[in-house]
Structures are given as structure tokens and as C-alpha cells.
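Student: I would like to learn how to read a few features of a structure with you. Could we start with empty space inside the protein?

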Amino acid sequence: MQAAPRLTKTATRTMSVAAAALSATLLAGCAAGDDTTARSTATPTAARPTPSMTATPSPAPTSTPAPAAAEDLGPLVPSGDPTPIASNLPAPWSIATLADGSVLVSERDDARIVEIVGDQAVPVATVEGVEAAGEGGLMGLAVLEGASGNWVYAMHTAASDNRVVRMALGGTAGAHIFGAPEPVLTGLPKASNHNGGRIAFGPDGMLYVTAGDASSGTNAQTLDSLGGKILRVTPEGAVPADNPFPGSPVYSLGHRNPQGIGWAADGTMWAAEFGQNTWDELNVITPGANYGWPVVEGIGGDPAFVDPVQQWATDDASPSGIAVVGDTVFMAGLGGERLWSIQFDGRVNEHYAGQLGRIRDVARGPGSTLYLVTNNTDGRGDPRAGDDVLYRVEVAPLG
């Protein structure tokens with residue numbers, strides 16, 4: 001079958017016009033969704049909140065972020081069964097890879113970062129100041145390696161806030177060491193639910209952070225709060241001069257609980273987001289845009305907000321981490337207990353439904369591979385022998 005044409009960056013950003021048509025591809029499932037308690041008890045604000053910061057967005061940067069390597073263009077899907085790499089991981093949350101091929105995994109509740117050495121998870125550090133409760137704890141990891149030094153970044157819940165810290169990275173593969181945590185970004189609202197937690201470096205070299213609404217929908221619509229936002233800062237935590245709201249780390253707003261971010265080779269940014277009772281979302285993120293929560297959930301058709309390019313019933317997806325490879329967004333499903341592949345032309349496929357349990361994160365591995373990590377031991381899944389598990393799976397062109 002001939003593949004549909006690949007969308008350009010401009011066309012991708014206008015996909016919300018066709019979002020209603022894409023919703024016909026929604027897939028059904030029967031697994032329970034994630035953050036179920038919050039979905040059934042939180043009450044969205046009825047009236048549309050007005051951002052209380054008076055600054056207006058500055059023009060988007062005229063320069064385009066340098067594209068990532070594009071050696072694997074085209075739509076892709078997993079090929080074959082996942083291969084277990086390491087097992088018995090307690091409540092893992094995030095996968096990070098180093099330039100030397102090493103793999104790091106964060107463990108939410110015990111605040112540990114482990115390095116996968118052979119088939120063993122070797123503790124490297126216990127991050128100071130982590131206070132795990134509910135969905136909070138040690139969450140996202142990101143790595144920055146370069147001439148100015150090597151760093152591991154971590155987002156975690158502390159006593160009074162969510163924050164991002166960084167630790168100097170030393171040692172060698174199989175024997176890495178971390179320095180003491182240094183604060184990068186603090187003061188993000190925390191709660192037992194909706195902490196966001198994903199961090200990643202974009203192709204522009206800036207650090208992007210997903211911040212949940214901390215169970216208060218009004219946070220998402222006011223620029224006085226960092227909750228319900230995607231944030232953008234320099235590696236040291238400063239506000240870039242070309243951010244859309246001058247002097248603010250806010251990059252986009254109107255989010256409920258985004259937990260996955262990634263970039264295509266042309267610089268287009270994608271994000272996955274937990275909905276409440278109706279729709280989970282996959283969005284294309286543009287600077288300064290408002291994605292509607294809590295006024296709109298899913299495709300609303302309101303010109304004041306940006307509609308998602310794809311949506312799923314909350315029991316079918318509960319999306320967490322994503323990885324963008326070639327012309328495909330791979331999306332981990334917690335409540336849906338599956339891996340999704342979403343092509344840039346709108347085609348959607350599901351993989352491994354019910355085979356692995358809850359999938360928390362997906363990350364690009366070496367060559368034509370992905371890493372997946374399950375999340376069955378965090379109190380919401382049904383643990384199996386050996387859980388939780390880090391897997392590797394091959395990807396191949398979509399036939």
C-alpha cells in the first residue's frame with residue numbers, strides 16, 4: 001500500500017482543522033485509565049479563566065531549530081516481540097540514554113536512578129529532597145552531554161513544590177557517578193495528582209518541562225501559575241529571550257497533565273496529555289498557544305484554543321511518555337496497557353495490547369530500536385512475575 005504524503009511542519013501545525021476527521025480512527029479498549037480518582041472527582045471551572053499576566057506573546061522566533069538526524073524518515077511500527085532487558089524495577093518512571101550507550105531509569109517512589117548493566121539495575125544515586133506521594137516522586141530524566149560538561153537532569157516532587165535539578169555526570173559506562181543536585185527550576189505546583197513530570201532537551205538546546213495543573217484546573221489558564229503548562233528554560237534555568245511570554249518560562253498553556261514530549265526531524269514538537277473523563281490527547285505544540293483545559297477537553301472546535309490532532313477515550317490510552325522517530329509518534333499507554341504508533345498522516349495503530357501491562361515510558365534506543373518500561377508496581381497495576389521490566393523492541397517501516 002502506498003504511504004500517504006508526509007506532512008510538512010506548516011501542515012502539521014494546521015492539523016487541528018482536520019482533527020474531527022481524524023477522530024474516526026479512535027480505537028476502543030477495556031483497561032482502566034490512569035489517575036482515575038482525579039478524573040472522577042476534579043471539577044473543571046465553568047467560566048473561561050482569563051490569564052492574569054498582562055504581557056502578550058512576543059513573535060515566534062524567526063530561526064528554525066536545527067533538525068535532528070533524519071536517517072530514518074518514513075512511517076514506522078514495532079517489529080516482533082519486546083525483549084526483556086532488566087526486571088524487578090520498582091515503580092520506574094523515565095528512561096534516559098547516554099552517548100556511550102548506557103541506559104538510566106528513574107524509580108519514582110524510592111528516589112533512585114539506576115544504570116542498566118547487563119541485565120541488572122545498578123543504583124547510581126538516590127536523589128536528595130524527593131518526597132514521593134500519590135503520583136509525585138522522582139519522575140522525568142534528561143541528559144545533556146557536551147563541551148560545557150555532562151549533566152543528568154531530574155524532575156521530582158519536593159516538600160513544597162515540583163522542581164528540576166541537575167547533577168554532574170562522571171564515570172564510564174557501567175560505572176557512572178553523579179554529583180550533588182543543583183536546582184534548575186523550582187516553584188512548580190505539586191499535588192497528589194497531575195504533576196506532569198517529563199523533561200527533555202529540544203533541538204534548540206533548551207530544556208522543556210511538562211507541569212501538570214496540580215489538580216486545580218484554573219492553574220492551566222493563568223500565567224501567574226506554572227501549573228498546567230509546558231515550560232522552556234535554558235540548561236541553567238534562565239528564561240530564554242525568545243520565549244512567547246516575555247520574562248516567563250511558559251511555552252504553552254491550557255494543559256491538564258502532559259507527560260510526553262518529543263520532536264520530529266523538522267523541529268515540530270509533539271506532546272501527549274491525560275484528559276479527565278472524556279478524551280486523552282496528542283497535540284502539536286506551538287509557542288504561546290492555549291490548549292483549552294479546563295474549558296475544553298479533546299476536540300472542542302473553539303477558535304480560542306488549539307485542538308488536539310488525535311484523541312482517545314481515557315480508558316483506552318492514559319498516555320505517558322512518547323518518542324518521535326521518523327514520521328511516527330510512539331506513545332506509551334498506562335490505562336490502555338499498550339503502545340501506540342501514530343503516523344504523521346493520521347494513521348493510528350496499537351501494539352502489545354494487554355501483553356505487558358501498563359507502559360509508562362518509551363524512548364529511542366540504538367539503531368532501529370525502542371526502549372519500553374512498564375509501570376505495574378506503582379499501586380495501580382497488576383504486577384506480574386518480574387515486574388517492572390525494561391524492554392527493547394525493533395522498529396521497521398510500516399508495510
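Student: How much space lies in the largest cavity?

Tutor: The general idea is that rolling a probe the size of a water molecule over the atoms shows where empty space is left. In this predicted model, the largest cavity holds about 50 Å³ of space. The whole structure has two cavities of 30 Å³ or more.

Student: Which residues line the largest cavity?

Tutor: Among them are Arg 256, Glu 273, Phe 274, Trp 279, Glu 281, Tyr 291 and Trp 293. Strand 16 (269-274) and strand 17 (279-285) each give at least two residues to that lining.

Student: Which peptide bond at Trp 293 should I look at?

Tutor: Start from the usual case: most residues other than glycine have a negative phi, and most peptide bonds are trans. Here the bond from Trp 293 to Pro 294 is cis, with omega near 5°. Pro 294 sits in the loop between strand 17 and strand 18 (310-313). Another cis bond joins Asp 387 and Asp 388, with omega about -5°.

Student: And what about phi: which value does Asn 88 have?

Tutor: Asn 88 has a positive phi, near 60°, and is not a glycine. Asn 88 belongs to the loop between strand 1 (76-86) and strand 2. His 194 also has a positive phi, about 65°, and lies in the loop between strand 10 and strand 11.

Student: Are these two residues buried or exposed?

Tutor: Asn 88 counts as exposed because its relative accessibility is 55%, and the cut-off for exposed is over 50%. His 194 is buried, with a relative accessible area of 1%.

Student: In what order do the strands of the open sheet come?

Tutor: Strands of a sheet pair through backbone hydrogen bonds, either parallel or antiparallel. Four strands form this open sheet in the order 2-3-4-5, with antiparallel pairing. Strand 2 (92-97) and strand 5 (120-126) are at the edges with a single partner strand each, so one side of each has no neighbour in the sheet. Strand 2 and strand 3 (residues 103-107) pair over five bridges, and Ala 96 stands opposite Leu 104.

Student: Which residues touch the most other members of the largest nonpolar core?

Tutor: In soluble globular proteins, nonpolar side chains tend to be buried together. The largest nonpolar core has 22 residues, and those touching the most other members are Tyr 153, Val 164, Leu 188, Ile 199, Leu 207, Val 209 and Leu 231. Another core, of 18 residues, lies apart from that one and includes Leu 98, Leu 104, Ala 125 and Val 127.

Note on methods
Residues are numbered from 1 along each chain as its sequence is written. This is a predicted model: local features need pLDDT of at least 70, side-chain atom pairs count only at pLDDT 80 or more; totals for chains, interfaces and linings use all residues. Side-chain values use heavy atoms; hydrogens and water are left out. Two strands pair if DSSP finds at least two bridges between them. A nonpolar core is a set of buried Ala, Val, Leu, Ile, Met, Phe, Trp, Tyr and Cys residues joined through side-chain atoms within 4.5 Å. Buried means under 20% relative accessible area, exposed over 50%, partly exposed in between (1.4 Å probe, protein chains only). On a 1 Å grid over the protein atoms alone, a cavity is a set of points where a 1.4 Å probe fits but cannot get out, and a pocket is an open set with protein on both sides within 12 Å along at least five of seven lines; lining residues have an atom within 4 Å of a point. Grid points are joined across faces, edges and corners, and a volume is the space filled by probe spheres set on the points.
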